[in-house]
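Got your viewer open? Load the model and follow along, one selection at a time.

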Amino acid sequence: MIRHREAQKQCFLLFILAFCCAGKTHAGSVFTLQRHRSGSHNGEKPVSLDGLAQTRKRDEARHSRLLAAASANPSNFPLGGMADPNLAGLYFTEIELGTPPTKYYVQVDTGSDLLWVNCASCKTCPTSTQLGVRLALYDPDSSLSSSKVLCGDVYCDVASSGECQTADLCGYQLGYGDGSSSQGYFVRDALQLKLVFGNISTVANATVAFGCGISQGGELRNSDQALDGIIGFGQSNLSVISQLMNQGRASGVFAHCLDGGAEGGGILVIGEVKASGLVHTPILQKQPHYNVNLKSISVNGASIPIDSSVSKSGGTIIDSGTTLAYFSDASYQLLLQAIFEAVPMQMANFPWEGMTCVPYLTSVDDVFPSVTLNFDGQGAVMVIKPHDYLIQAEGETGKGWCIGFQTPGSNNLNLNIIGDLVLKDRLVVYDLQRQQIGWTNYDCSTNVSVVTSTGQVEQIFASSIPTSGCDTYGWTFGFLLWLSCLHVYYYLYHS
């Protein structure tokens with residue numbers, strides 16, 4: 001998803017939604033995830049080729065933006081989103097802001113930093129959605145704990161270009177590559193955290209700064225597949241996770257488990273997670289995103305070397321806001337070649353909007369090879385099965401399976417980006433203190449073990465966000481995902 005602020009440091013680039021939660025009592029906090037997918041398996045209706053093409057375009061737009069504490073107990077958040085074949089993959093969670101608390105549904109995005117929600121004074125913000133959840137506009141005047149962030153505030157000094165006048169509100173203005181725009185101002189308010197302490201669950205509040213959107217332009221006005229905002233989990237001091245760490249309310253570790261099953265959902269945890277089989281790879285330093293070193297890709301005994309220098313951001317990016325998986329042009333062509341050379345039969349293929357598709361087969365796992373991503377670190381591999389990287393689709397040009405691995409070459413982006421296609425059905429742990437990312441294969445519909453501040457291990461059970469009226473989802477939801485990630489990368493890269 002691409003968004004860039006215009007002027008160097010003069011225009012403040014707002015990054016979409018920061019995610020987080022940690023408790024004042026240092027108890028764990030958990031979020032439930034809901035997911036929208038573009039894949040189709042196990043008897044589900046195939047995605048339309050047009051819809052899949054829109055997914056790819058949304059991801060490409062997002063990628064342009066890529067160019068451009070104390071010991072605490074875990075907190076958890078449920079994840080939501082229904083698995084619809086005509087929808088680009090997306091996971092969202094439910095947060096509660098203000099006093100009294102009000103629910104908001106926001107996209108979970110590890111590729112951005114800020115948390116923002118649409119505000120009551122906005123005349124162009126969507127008020128309804130086809131995603132099966134009820135949208136709400138945040139009203140700072142209705143919250144007893146809300147306060148406006150003024151110029152001269154420490155948070156504003158980090159977020160703005162320094163042009164803010166002392167008596168003014170600390171504002172933000174976003175410009176997107178598709179001509180969309182968003183603007184508003186920053187506020188502080190209570191974020192409700194669901195904490196885990198021993199075998200007791202409780203609720204505590206943490207005060208965080210976030211964006212209050214008062215004007216949306218372009219596609220951001222679209223209400224078909226809207227959410228209330230976006231919650232980013234980036235490393236900058238603007239993100240909610242960083243704010244909680246600085247307050248001693250979070251340990252600097254969070255994890256997500258994106259359920260790739262027909263019902264989607266999953267879980268998001270802020271706090272230390274315990275799981276067997278975790279392998280780790282270092283986070284590359286001095287990079288604005290979660291960049292790691294992907295060394296090679298293995299297919300049926302063939303090894304495809306990956307040169308980290310092909311990515312201007314210094315390596316492969318782990319990004320839950322991207323639906324598919326993208327590799328630099330040269331690597332992508334070798335990957336396709338290796339996949340088809342491993343297929344034990346001659347197979348015609350047809351192109352569709354830059355994607356490579358093959359005729360329908362009843363069982364792709366019996367014909368196509370698994371693909372292994374080899375990262376820096378002992379045993380740090382991700383094995384991707386054929387049914388995970390092949391997406392059933394149909395359209396005017398045919399019916400079959402399209403390869404979910406893509407290249408951003410059409411936008412001249414030499415980036416390697418690992419999205420939900422690869423991240424789903426894995427417990428992925430981001431450790432900001434040790435500067436490493438870990439993962440293991442996982443059934444994301446089951447419980448997750450978390451460690452409290454006393455060293456006690458407790459179980460948190462995944463639960464999907466209940467939705468209704470979701471059978472009319474369209475690809476346009478992808479545009480929000482797409483919008484979710486324009487962020488500080490451009491700002492930092494050009495600063």
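Start by selecting Cys156. Is Cys156 buried or exposed? With a relative accessibility of 1%, Cys156 counts as buried, because buried means anything under 20%. Keep in mind that you're looking at a predicted model.

Now add Cys170 to your selection. The sulfur atoms of Cys156 and Cys170 sit 2.2 Å apart and form a disulfide. A disulfide is a covalent bond between the sulfur atoms of two cysteines. Look along the S-S bond: the angle about it is 95°, and this link is right-handed. The pair ties together distant parts of the chain, 14 residues apart: Cys156 belongs to helix 2 (residues 154-159), while Cys170 is in the loop between helix 2 and strand 8 (171-175). Cys170 comes out at 0% relative accessibility, so that residue is buried too.

How many disulfides does the structure hold? There are five, so let's visit another two.

Select Cys257 and Cys444. These two form a disulfide with their sulfur atoms 2.0 Å apart. Here the angle about the S-S bond is -75°, and the link is left-handed. The chain positions are 187 residues apart: Cys257 is in strand 12 (residues 253-258), and Cys444 is in the loop between strand 30 (436-441) and strand 31 (447-451). Both ends are tucked away: Cys257 is buried at 0% relative accessible area, and Cys444 is buried at 2%.

Next, pick Cys357 and Cys402. Their sulfur atoms are 2.0 Å apart, in a disulfide, and the link is right-handed, with 95° about the S-S bond. This one connects strand 22 (residues 355-359), home of Cys357, with strand 26 (residues 398-403), home of Cys402, and the two cysteines are 45 residues apart. Again you'll find buried ends: 0% relative accessible area for Cys357 and 1% relative accessibility for Cys402.

Time to zoom out. Switch to a cartoon view and you'll see eight helices and 32 strands in the protein chain. Of the 495 residues, 62% are buried. Turn on the surface as well: the accessible surface is about 17,500 Å², and carbon and sulfur atoms account for 48% of that.

Now for a sheet. Colour strands 16, 19, 28, 20 and 27: these five make an open sheet in the order 16-19-28-20-27, with mixed pairing. Which strands stand at the edges? Strand 16 (291-292) and strand 27 (405-406) do; each has a single partner strand, so one side of each has no neighbour in the sheet. Strands of a sheet pair through backbone hydrogen bonds, either parallel or antiparallel. Zoom in on strand 20 (residues 325-326) and strand 27, which pair in the parallel sense over two bridges. Ala325 is the residue opposite Phe405 of strand 27.

Keep Phe405 selected and add Ile297, Phe327, Phe368, Leu373 and Tyr389. In the largest nonpolar core, which has 83 residues, these six touch the most other members. Centre on Leu373 and show what surrounds it: beyond residues up to four places away in sequence, its contacts include Leu294, Phe327, Met382, Ile418 and Val422. A second, separate core has 12 residues, among them Val253, Ile267, Leu427 and Val429.

Last stop: Gln192, in strand 9 (residues 181-197). Gln192 counts as buried because its relative accessibility is 18%, under the 20% cut-off. Its contacts beyond four places in sequence are Phe77, Glu96, Pro101, Val203, Ala204 and Asn205.

Definitions and conventions
Residues are numbered from 1 along each chain as its sequence is written. This is a predicted model: local features need pLDDT of at least 70, side-chain atom pairs count only at pLDDT 80 or more; totals for chains, interfaces and linings use all residues. Side-chain values use heavy atoms; hydrogens and water are left out. Helices (H or I, at least four residues) and strands (E, at least two) are DSSP runs, numbered from the N terminus. Buried means under 20% relative accessible area, exposed over 50%, partly exposed in between (1.4 Å probe, protein chains only). Accessible areas come from the Shrake-Rupley method with a 1.4 Å probe; for residues, only the protein chains shown count as cover. Contact means heavy atoms within 4.5 Å. A nonpolar core is a set of buried Ala, Val, Leu, Ile, Met, Phe, Trp, Tyr and Cys residues joined through side-chain atoms within 4.5 Å. Two strands pair if DSSP finds at least two bridges between them. A disulfide is a pair of cysteine sulfur atoms within 2.5 Å.
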